[in-house]
Amino acid sequence: MDTRKKASKPIAIDLFCGSGAVSLGVKNAGFDVVGAVDFDPHACATYRANHPSVKLIQDDIRLIPANAFDDVVKKQLDLLVVCAPCQPFSSQNRKRSNDDGRLNLVEASLPFIESYQPQIVFLENVPGLASSGIFDRFRACLAKLGYEIAEPLKLDASELGVPQRRTRMIMVAVKGADLNTAIDIARLPRKTVRDVIADLPIPAVGRDAVLKDALHFSRKHSALNIERLRYIPKDGGSRHHLPEHLQLACHKNRKNASFSDVYGRMRWDDVAPTLTTGCTDITRGRFAHPEQDRGITLREAARLQSFPDDYQFIGNAGQVATQIGNAVPPQMMQSIAKSLLNAISSNK
Ligand SMILES: C[S@@+](CC[C@H](N)C(=O)[O-])C[C@H]1O[C@@H](n2cnc3c(N)ncnc32)[C@H](O)[C@@H]1O
């Protein structure tokens, strides 16, 4: 007879947890997150500040024994989330190579799956992963373990209540839960840039200014970049409007669309572009404010990623931007996790 104590909520483990955005979404949907793994010290500090009761193991996942969560998994594990780094498979990564050491990180989750046999395995990554040999091998291993696996689904965060275009691939595998229910994800009304950042005050320049909100300050742009921004039309303008003398030498005579977003402004009544780890840097994407002559602040980036204002971020500006840009938007994860929860409940 199984004498293990039954916890009241379904329980989850969050692999590659970063700052804890997935954990936040999964908790908001009704799961209890009991364990997490990441090796980045700054992301882990943020994780601990926001999820103090979770057993977080700060180490390279490949060095962690598969039974490391035995003390917190006291009943059937309901959900295991795998959000391995996506850069190796990203179309924005111009140096994609098959010998990238990060490629095998998806498979590094397999010992934990074997060890805890969760009812649901949920994987999130960029769509490029779905066409890799790694993905095929991963699915074959899950099938061998008795999982029923859904075809990979492409989802855009903007359909799930996040004011951002962010296309992601998700894969759901179940053992004992209902697969159709798990992937029946309810869409939410669209939110815009205006909806989430228009109420914020004009920020001070630099993190060393006196700040009411530690995340709401603008970067110190060079005089030249501020002049460039003055020429970019409000509400969605791009660098193609720059006069000849302000264009960057590397952008002149370029016929292709690469980097066409850099120095661009967001549009008030549209969703934001995909935020990356460079999300406050106007030279790395369409990350300028819709009408002020500056890049967006970390607070604006956090809101565009659907983090609540009371979420604490630990680290310097670059480290916080990395945590925000790397995150699965918590609202996106919450929407997905609701279906995953329904799939489990429907079987109980
Ligand atoms: C895409 S991010 C995950 C984001 C996270 N799920 C969230 O929502 O905030 C990938 C994470 O994998 C972590 N990571 C990369 N290689 C790792 C390894 N070998 N062991 C543990 N964590 C690793 C990174 O530090 C990063 O936080």
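Modeller: Let us start with what a helix is here: a DSSP run of H or I at least four residues long, and helices are numbered from the N terminus. One thing to keep in mind as we go is that this is a predicted model.

Colleague: Good. Where is G318 found, then?

Modeller: G318 sits in helix α9.

Colleague: And is G318 buried, partly exposed or exposed?

Modeller: The cut-offs help with that one: buried is under 20% relative accessible area, exposed is over 50%, and partly exposed is in between. G318 has a relative accessible area of 43%, so G318 is partly exposed. You can also look for its distance to L298: the two residues are 20 apart in sequence, and their C-alpha atoms are 9.6 Å apart in space.

Colleague: Next, pockets. Which residues lie nearest the centre of the second largest pocket?

Modeller: They are R219, T280, A317, G318 and A321, out of 15 lining residues. So you meet G318 again here. The volume of the second largest pocket is about 150 Å³.

Colleague: Which element gives the most to the lining of that second largest pocket?

Modeller: Helix α9 does, with 3 residues. At least two lining residues come from α9 (317-326), and at least two from β10 (217-218).

Colleague: How many residues of each class are in the lining of the second largest pocket?

Modeller: There are 6 polar, 5 nonpolar and 4 charged residues. When you read that count, remember that Gly goes with the polar class.

Colleague: On to reading the two sides of a helix. Which residues of α7 are buried?

Modeller: In α7 (residues 223-231), N225, R228 and L229 are buried. They lie on the same side of α7 because the arc they cover around the axis is only 100°. Turn to the other side of α7 and you find A223 and R230 exposed.

Colleague: Let us try backbone angles. What should I expect of phi?

Modeller: As a general rule, most residues other than glycine have a negative phi. Now for two residues of this model. D235 is not a glycine, yet its phi is positive, about 60°. Y263, also a residue other than glycine, has a positive phi near 70°.

Colleague: Where is D235 found?

Modeller: D235 is in the loop between α7 and α8 (298-304). The place of Y263 is likewise the loop between α7 and α8.

Colleague: Is Y263 buried or exposed?

Modeller: Buried, with a relative accessible area of 4%. D235, in turn, is partly exposed at 32%.

Colleague: How about a buried side chain with a polar contact? What does the side chain of Q119 contact?

Modeller: The side chain of Q119 makes a polar contact with the side chain of D78, at 3.3 Å. Q119 itself lies in the loop between α3 (110-116) and β5 (120-125). Its relative accessibility is 8%, so Q119 counts as buried.

Colleague: Finally, the ligand. Which residues come nearest to the ligand?

Modeller: F16, D38, D60, I61 and V328 do, out of 19 residues around the ligand. For polar contacts, look for N or O pairs within 3.5 Å. A backbone N or O atom of I61 is 2.9 Å from a nitrogen atom of the ligand. For V328, a polar backbone atom is 3.1 Å from a ligand oxygen atom. V22 also has a backbone N or O atom 3.4 Å from an oxygen atom of the ligand.

Note on methods
Residues numbered from 1 in each chain as written. Predicted model: local features only at pLDDT ≥ 70, side-chain atom pairs only at ≥ 80, totals over all residues. Heavy atoms only, no water. 1 Å grid on protein atoms, 1.4 Å probe; cavity = no way out; pocket = protein on both sides within 12 Å on 5 of 7 lines; lining within 4 Å. Points joined across faces, edges and corners; volume = space filled by probe spheres on them. Buried < 20%, exposed > 50% of the residue type's maximum accessible area, 1.4 Å probe, protein only. Arc of directions from axis to C-beta. Near = heavy atom within 4 Å. Polar contact = N/O pair within 3.5 Å; in protein donor to acceptor, adjacent residues only side chain to side chain.
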